[in-house]
Amino acid sequence: QLLSTTDGLTKISNRAYFDKAVSTELRRAARQQSPMTIILFDIDHFKAINDTYGHLAGDACLRGLTNLLRPRIHRAGDIFARYGGEEFVLAIGGFDLSGSIALAQEFRAAIEGMQIDFDGVPIRFTASFGVVCAIPNPSLRPQDFLASADKALYQAKHDGRNCVRVAALQKTVL
């Protein structure tokens with residue numbers, strides 16, 4: 001069971017686990033009328049790291065990032081997962097928008113200040129963040145939160161990377 005819910009490289013939750021667990025946390029937040037935050041982030045110019053230093057160096061960067069952030073994410077119900085490739089997602093409850101932005105900024109600064117030593121070569125990188133925070137209601141799906149966070153992440157990339165951007169939660173209309 002652990003293997004099917006854990007990313008083998010980073011040893012944090014994988015997307016399949018996140019997709020299941022975030023639904024539970026959103027329902028809990030809706031019942032409690034408490035804010036829920038989704039932070040979607042990824043390493044800037046990750047392809048260049050792989051192309052310059054090799055894929056093992058890229059793997060070392062992914063592990064370094066998770067080792068840096070994992071100890072800072074420790075409350076019951078918090079979900080930290082590798083969402084795919086060099087993309088990560090964090091679902092946290094109980095933070096208002098300003099607290100969520102401050103947390104994302106703290107993570108952004110920590111990543112910017114980190115250095116990975118790979119085969120004697122120092123590698124530094126940055127990350128871009130998209131944040132959405134809202135009190136969920138039963139009509140909102142996890143995909144609605146993720147789509148808004150993805151929109152904010154795209155804006156962060158567009159605005160020059162290594163920054164945090166926020167998107168309003170917009171219900172997806174089918």
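# Working through a sheet and its helices

Strand 6 (residues 127–134) runs parallel to strand 7, and three bridges pair them. Keep in mind that this is a predicted model. Grab the structure and try these.

**Exercise 1.** Work out which residue of strand 7 stands opposite Gly-130, then place strands 6 and 7 in the sheet order.

*Solution.* Start with the local match: Gly-130 faces Arg-165 in strand 7. Now zoom out. The open sheet has five strands, ordered 2-3-1-6-7, with mixed pairing. Its edges are strand 2 (79–84) and strand 7 (164–166), each of which pairs on one side only. On average, neighbouring strands are turned by 20 degrees against each other, direction ignored.

**Exercise 2.** Find which strands helix 5 and helix 6 touch, and the angle each helix makes with strand 6.

*Solution.* Take helix 5 (residues 97–113) to begin with: this helix packs on the sheet and touches strand 1 (36–43), strand 3 (87–93), strand 6 and strand 7. Its direction makes about 165 degrees with that of strand 6. Next comes helix 6 (residues 142–158), which lies across strands 1, 2, 3, 6 and 7. Helix 6 runs at about 145 degrees to strand 6.

**Exercise 3.** Decide whether Ile-39 is buried or exposed, and list what surrounds this residue.

*Solution.* Locate Ile-39 in strand 1. Its relative accessible area is 0%, so Ile-39 is buried, the cut-off for buried being under 20%. Setting aside neighbours within four places in sequence, Ile-39 contacts Phe-88, Val-89, Leu-90, Ser-100, Leu-103, Ala-104, Phe-129, Gly-130 and Val-131. For a sense of the fold, check Ile-92 too: 53 residues separate it from Ile-39 in sequence, but the C-alpha atoms are 8.4 Å apart.

**Exercise 4.** Describe how helix 3 and helix 4 meet, and check the span of helix 4.

*Solution.* First, the geometry. The axes of helix 3 (residues 46–53) and helix 4 (residues 55–69) come within 6 Å and cross at roughly 135 degrees. The two helices are therefore oblique to each other.

Second, the contacts. Helix 3 brings Phe-46, Ile-49, Asn-50 and Tyr-53, which meet His-55, Ala-57, Gly-58, Cys-61 and Leu-62 of helix 4. Sorted by class, that makes six nonpolar, three polar and no charged residues.

Third, the span. Helix 4 has 15 residues, so at 1.5 Å a residue it should span 21 Å; the end C-alpha atoms are 21 Å apart, which agrees.

Finally, look for buried positions in helix 4: among them are Ala-57, Gly-58, Cys-61 and Leu-62, residues that also appear in the contact with helix 3.

Technical notes
Residues numbered from 1 in each chain as written. Predicted model: local features only at pLDDT ≥ 70, side-chain atom pairs only at ≥ 80, totals over all residues. Heavy atoms only, no water. Pairing = 2+ DSSP bridges. Helix = DSSP H or I, 4+ residues; strand = E, 2+ residues; numbered from the N terminus. Axes fitted to C-alpha atoms, helices over the stretch in contact; angles between N-to-C directions. Contact = heavy atoms within 4.5 Å. Parallel < 35°, antiparallel > 145°, perpendicular 65-115°, else oblique. Nonpolar A, V, L, I, M, F, W, Y, C, P; charged D, E, K, R; others polar. Buried < 20%, exposed > 50% of the residue type's maximum accessible area, 1.4 Å probe, protein only. Expected span 1.5 Å × (residues − 1).
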